[in-house]
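The following paragraphs lead through one protein structure, from single residues to the sheet and the helices. Please keep the sequence and the model in view while reading.

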Amino acid sequence: MKNIIKLALAGVFLPASLLAQKADSKLQQDKAAIKDMCGCMEVTFEYTETFPGDTTYKPKGYHKITDAVEYVTVADEKNNRIVLQHLLVAGGEVIKHWTEDWQYENQQLLAYSKNDTWNKMNLTAAAVKGQWTQKVFGVDDEPRYEGSATWVHADGRHYWESTSDAPLPRREYTTRSDYNVLQRTNHHEITSFGSLHEQDNKKILRDAAGDKVIVGEKGLNTYRRTDESKCQQAKAWWEQNKQFWAVVRQQWDKLYGANTGVVLQKQVNNQPFYKVMGELENKARNKELSGAALDNAISGVLQQFAPKATAGL
């Protein structure tokens, strides 16, 4: 019977149409879980090093950051792609924080190698069936890390977990040189109060001889829903600047699509990436740059800071 597919559960047969409905229902559950991470959140960031790679290394102590508020909003949604933007409110200022780009059944990842180098990795359709890729980008939408996994909805829980390599976190990249890869196992889970981002990480020194684990690390980022009024400043900031960052994401997408990878420069002409992008953001906000001129300016900056991507790896 052409319209019957055997389901490998207790010998039950289900019509193909019902299986399609179940698949669509699961997809809608996934999308709801991703968007459930949005809102005005009180955030706590906690980290501590755990098991050392050898007895000569002494793990660093417990580190905790509190008293911050993060506004998470849907920056874009179409074609089974959901982009979440994080905006941190701290010290009376709004800081554009990290970006999550969730893509359904995505077959291409940027895999981190080491030393600010990422290479394209292609996956088969079978390997990513039913999965979501979480692509994480930094404050200027530069690449960080990407992983693919299935959202799980079972026993009243809703979570996603994947392992991927990443550059050093911003809390350490200016103070550490004893490792060059952070292998992250990221666990995102929806909770009654908001969400949790739990991490089981390994700090790795990677060279031609292979990988050496320096130490493990446990991280826990807690997002608790709070009064929306605490995020009014972030909402206003995003309304002013969201179009600029939409153009930035478009230009990054063009660069990724045209090249086999990315090598990111920390500085060009003694100027850090964030400062140059901040100047463009100000010009766009003040209407000094718009349209094709803005597109070209952003593209030019990306090509300066990712020249190996432009030339090919």
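Does Asn-80, at 28% relative accessibility, count as buried, exposed or partly exposed? The model under discussion is a predicted one. Asn-80 counts as partly exposed, because a relative accessibility of 28% falls between the limits of 20% for buried and 50% for exposed. This residue belongs to the loop between β4 and β5. The phi angle of Asn-80 is positive, near 60 degrees, although the residue is not a glycine.

A second loop may be set beside this one. Asp-141 is situated in the loop between β9 and β10, and its phi is likewise positive, near 60 degrees, in a residue other than glycine. Asp-141 has a relative accessibility of 3% and therefore counts as buried.

The strands that flank these loops belong to an open sheet. The sheet contains 11 strands with antiparallel pairing, in the order β10-β9-β6-β5-β4-β3-β15-β14-β13-β12-β11. Its edges are formed by β10 (143–149) and β11 (152–154); each has a single partner strand, so one side of each lacks a neighbour in the sheet. From one strand to the next, the twist averages 25 degrees.

Within this sheet, the pairing of β5 and β6 can be followed residue by residue. Strand β5, residues 81–90, runs antiparallel to strand β6, residues 93–104, and nine bridges join the two. Leu-88 has Ile-95 of β6 opposite it, while Leu-84 is placed opposite Glu-100 in β6. The hairpin of β5 and β6 has two residues between the strands, and Gly-91 in this hairpin adopts a positive phi near 60 degrees. Strand β6 is also joined to β9 by six bridges, again in an antiparallel arrangement. There Glu-100 has Val-136 of β9 as its bridge partner. When tracing side chains along such strands, it is useful to recall that in a regular strand they alternate between the two faces of the sheet.

Attention now turns to the helices. Helix α2 spans residues 232–258 and helix α4 spans residues 291–305; they pack with their axes 10 Å apart, at an angle of about 55 degrees. That angle makes α2 oblique to α4. The crossing of the two helices is right-handed. On the α2 side, Phe-244, Val-247, Val-248, Gln-251, Trp-252 and Leu-255 meet Leu-294, Asp-295, Ile-298, Ser-299 and Leu-302 of α4. Sorted by class, the residues of this contact comprise eight nonpolar, two polar and one charged.

Helix α2 packs on the sheet as well. Its contacts there are with β4 (63–78), β5, β6, β9 (132–137) and β10, and the direction of α2 makes about 135 degrees with that of β5.

One further loop residue deserves a visit. Asp-116 is located in the loop between β7 (108–112) and β8 (117–122). Its relative accessible area is 17%, so Asp-116 is buried; the limit for that class is under 20%. Apart from neighbours within four places in sequence, Asp-116 is in contact with Pro-167, Val-262, Val-263, Leu-264 and Lys-266. Asp-116 and Ser-229 are 113 residues apart along the chain, and their C-alpha atoms are separated by 38 Å.

Technical notes: Residues are numbered from 1 along each chain as its sequence is written. This is a predicted model: local features need pLDDT of at least 70, side-chain atom pairs count only at pLDDT 80 or more; totals for chains, interfaces and linings use all residues. Side-chain values use heavy atoms; hydrogens and water are left out. Axes are lines fitted to C-alpha atoms, for helices over the stretch in contact, and angles run from 0 to 180 degrees between N-to-C directions. Helices (H or I, at least four residues) and strands (E, at least two) are DSSP runs, numbered from the N terminus. Angles under 35 degrees count as roughly parallel, over 145 as roughly antiparallel, 65 to 115 as roughly perpendicular and the rest as oblique. A crossing is left-handed if the near helix is turned anticlockwise from the far one by less than a right angle, and right-handed if clockwise. Contact means heavy atoms within 4.5 Å. Ala, Val, Leu, Ile, Met, Phe, Trp, Tyr, Cys and Pro count as nonpolar, Asp, Glu, Lys and Arg as charged, and the others, Gly among them, as polar. Two strands pair if DSSP finds at least two bridges between them. Buried means under 20% relative accessible area, exposed over 50%, partly exposed in between (1.4 Å probe, protein chains only).
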